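The following exercises are to be worked with the sequence and the coordinates at hand. Each task is followed by a solution in steps.

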Amino acid sequence: MSEQGKTFFLETFGCQMNVHDSEKVAGTLVAQGYVQVDDPRAADLVLYNTCSIRDKAEQKVFSRLGQYRKDLGEGKMFGVLGCVAQQEGERIFEKAPHVGLVVGSASYRRLPELLAQLEGGSRRVAGLDTDTDETFETEVTRRDNPFRAYLTIIEGCDQKCAFCVVPYTRGPERSRSSKLILEEARQLASAGYTEIQILGQIVNHYIDPDPARLTFAELLSAMAEIPGIRRVRFTTSHPRYFGPDIVDAITAHPALCNQVHLPVQSGSTRTLERMFRGYTREEYLEKIAMLRASPRGIALSTDIIVGFPGETEADFAETISLLDTVEYESIFSFKYSPRPNTPARDYAEAIADVESSRRLSLLQERQREIQTRKNRALIGSVSEVLVEGRNEKLNQWIGRTTENRVLNFTVPAAAPPRNRLGTYAWVAVTGATPNSLVGEMLPASDAEEAASLAVPIKLAWSELRVVS
Ligand code: SAH
Ligand code: F3S
């Protein structure tokens, strides 16, 4: 590594938690005197934050590392972070000898010390402990999105669902103090963020270590009341711990977004038991009924796995019927993929890939019909969006509703031309596809009227997460 102007490049895969970890890692490195560059060729240190949730993730990491070495040549230090780092550990040094740093997410607090070892000439440095009750908190997070700030409240997961690698890669559950969380949220509001996205692998299992002992619902409410915060989202909730107090908080606080992601995984109680999910189909549907009963019209989304070992045609039919019953605004669906260390890897009755693919397409086709119908019903409604992007080619702004639905819109010719990024606008919906809406911004006077009406509308939400 060169003495002066230490530079790093950081590439991230996986969930929002990984994206946010990378923001914190970048902040930590900058505080250590490193400069972030967006071209790996210009970097002394090339870091790769990895995801291992599905699909031969390890192989992909090794082939990526090989490619880096080929493209970038000698003289650089390579580091692997995140879930594959934790899962593969020091084996990475053997399989990819050009890697000098391997750090799992439970050890990021040690990064300054590990970097110092590297700089001191150590050839191979690893941080792989998951035996910790610490969270990774830093004063120096470099947030990438100027409007929406991620904020972690709980790390790790203790649920040990039979298919899931997260408890082994992210370690045990540990919650941050509500006092520190709310302090950070207030700082974010004064820095100009209007949306906070609360993160945790099992976010609603939050247990406040502060003497205030706030429940998750109380923490949400307190955050929603911070002046300047207009939107609060949270992900991911576990159905088992989803109580009526969370729904009441959403109903009571307009700043709590009209959207809940509640992964079901399967519509069959038999499969849910074998997945160790801790609820039945009926119990899950009770939670959904509770959510649907809120006068806010909460948009619902879920995660579904098809082809779990032993899933029969009848089990799968129950998942399809669950889609029809709940009518989610959107879903994320996956073919089961065996993961290291997880109990389901040793289950008999694997489902052939071709059969899992068939089930996945059937499921997605059914959901597409539901979304097409639901989205078309929104034509003619109005909705407030946070403007997050611009599509020059289509002359459209890209907005997002409280339901997390993407609503692309044009601005009437009479409206003053200006940069609308980060602002809020009221938009009339004029068209719909299964995954997004299009519309036209209301003129200012209409917008005021619409704001005072607070029109109750149901919109779906799509792509929240960066899915690996
Ligand atoms: N609580 C976590 C769940 C992480 S994984 C969160 O924050 O979202 C996200 C989704 O990936 C899970 O809900 C599940 O549907 C899917 N998934 C996890 N492990 C999987 C596996 N082995 N095969 C296929 N899908 C999986
Ligand atoms: Fe994974 Fe289940 Fe936790 S899906 S993240 S073990 S709640």
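Two strands are taken to pair if DSSP finds at least two bridges between them. By that criterion β3 and β4 pair in the parallel sense, over six bridges, and Asn49 stands opposite Leu81 in β4. The model used throughout is a predicted one.

**Exercise 1. Strand β4 and the loop after β3**

Task: Determine how many residues of strand β4 are buried, and classify Asp55 and Lys56 by relative accessibility.

Solution.
Step 1. Strand β4 covers residues 77–82, and six of its six residues are buried. The strand is therefore largely enclosed by the rest of the structure.
Step 2. Turn next to the loop between β3 (45–50) and α2 (57–72), where Asp55 is found. Lys56 also lies in the loop between β3 and α2.
Step 3. Buried means under 20% relative accessible area and exposed means over 50%, with partly exposed in between. Asp55, at 39%, therefore counts as partly exposed, while Lys56, at 54%, counts as exposed.
Step 4. Inspect the backbone of these residues. Asp55 has a positive phi of about 50° although it is not a glycine. Lys56, likewise not a glycine, has a positive phi of about 40°.

**Exercise 2. The surroundings of β10**

Task: Establish which strands pair with β10 and which residues of β10 are buried on each side.

Solution.
Step 1. Strand β7 (residues 148–152) runs parallel to β10 and is joined to it by five bridges. Within this pairing, Arg148 has Glu195 of β10 as its bridge partner.
Step 2. β10 also pairs with β11 in the parallel sense, over five bridges. Here the bridge partner of Leu199 is Thr235 in β11.
Step 3. In a regular strand the side chains alternate between the two faces of the sheet.
Step 4. In β10, Glu195, Gln197 and Leu199 lie on one side and Ile196 and Ile198 on the other; all are buried, and both faces are covered. With five of its five residues buried, β10 is therefore largely enclosed by the rest of the structure.
Step 5. Follow the chain beyond β10. Asp208 lies in the loop between β10 (195–199) and α8 (216–224), and its relative accessible area of 3% makes it buried. Asp208 and Leu322 are 114 residues apart in sequence and 34 Å apart in space, C-alpha to C-alpha.

**Exercise 3. From the cis peptide to Ala255**

Task: Identify the residues joined by a cis peptide bond, and decide whether Ala255 is buried or exposed.

Solution.
Step 1. The cis peptide bond joins Thr235 and Thr236, with omega about 10°. Thr236 has its place in the loop between β11 (231–235) and α9.
Step 2. Ala255 is located in the loop between α9 (244–252) and β12. Its relative accessibility is 11%, so Ala255 counts as buried.
Step 3. Ala255 and Thr194 are 61 residues apart along the chain, and their C-alpha atoms are separated by 9.8 Å.

**Exercise 4. An open sheet and a barrel**

Task: State the strand order of the open sheet and of the barrel.

Solution.
Step 1. The open sheet consists of three strands in the order β12-β13-β14, with parallel pairing.
Step 2. β12 (259–261) and β14 (330–335) are the edge strands; each has a single partner, so one side of each is left without a neighbour in the sheet. The twist from one strand to the next averages 15°.
Step 3. β13 (residues 299–306) pairs with β14 in the parallel sense over six bridges, and Asp303 has Phe332 in β14 as its bridge partner.
Step 4. The barrel is closed by five strands in the order β15-β16-β17-β19-β18, with mixed pairing. Its twist averages 50° from one strand to the next.
Step 5. One of the pairings involves β17 (residues 406–410) and β19 (residues 437–441), which are parallel over four bridges. Leu407 has Leu437 in β19 as its bridge partner.

**Exercise 5. The site of ligand 2**

Task: Locate ligand 2 and describe its shell by residue class.

Solution.
Step 1. Ligand 2 sits in the largest cavity.
Step 2. The residues surrounding ligand 2 are Cys157, Gln159, Lys160, Cys161, Phe163, Cys164, Val166, Pro167, His238 and Arg277.
Step 3. Sorted by class, the shell around ligand 2 has six nonpolar, two polar and two charged residues.

Key
Residues numbered from 1 in each chain as written. Chains lettered and ligands numbered in written order. Predicted model: local features only at pLDDT ≥ 70, side-chain atom pairs only at ≥ 80, totals over all residues. Heavy atoms only, no water. Near = heavy atom within 4 Å. 1 Å grid on protein atoms, 1.4 Å probe; cavity = no way out; pocket = protein on both sides within 12 Å on 5 of 7 lines; lining within 4 Å. Sits in = over half its atoms within 2 Å of the grid points. Nonpolar A, V, L, I, M, F, W, Y, C, P; charged D, E, K, R; others polar. Helix = DSSP H or I, 4+ residues; strand = E, 2+ residues; numbered from the N terminus. Axes fitted to C-alpha atoms, helices over the stretch in contact; angles between N-to-C directions. Buried < 20%, exposed > 50% of the residue type's maximum accessible area, 1.4 Å probe, protein only.
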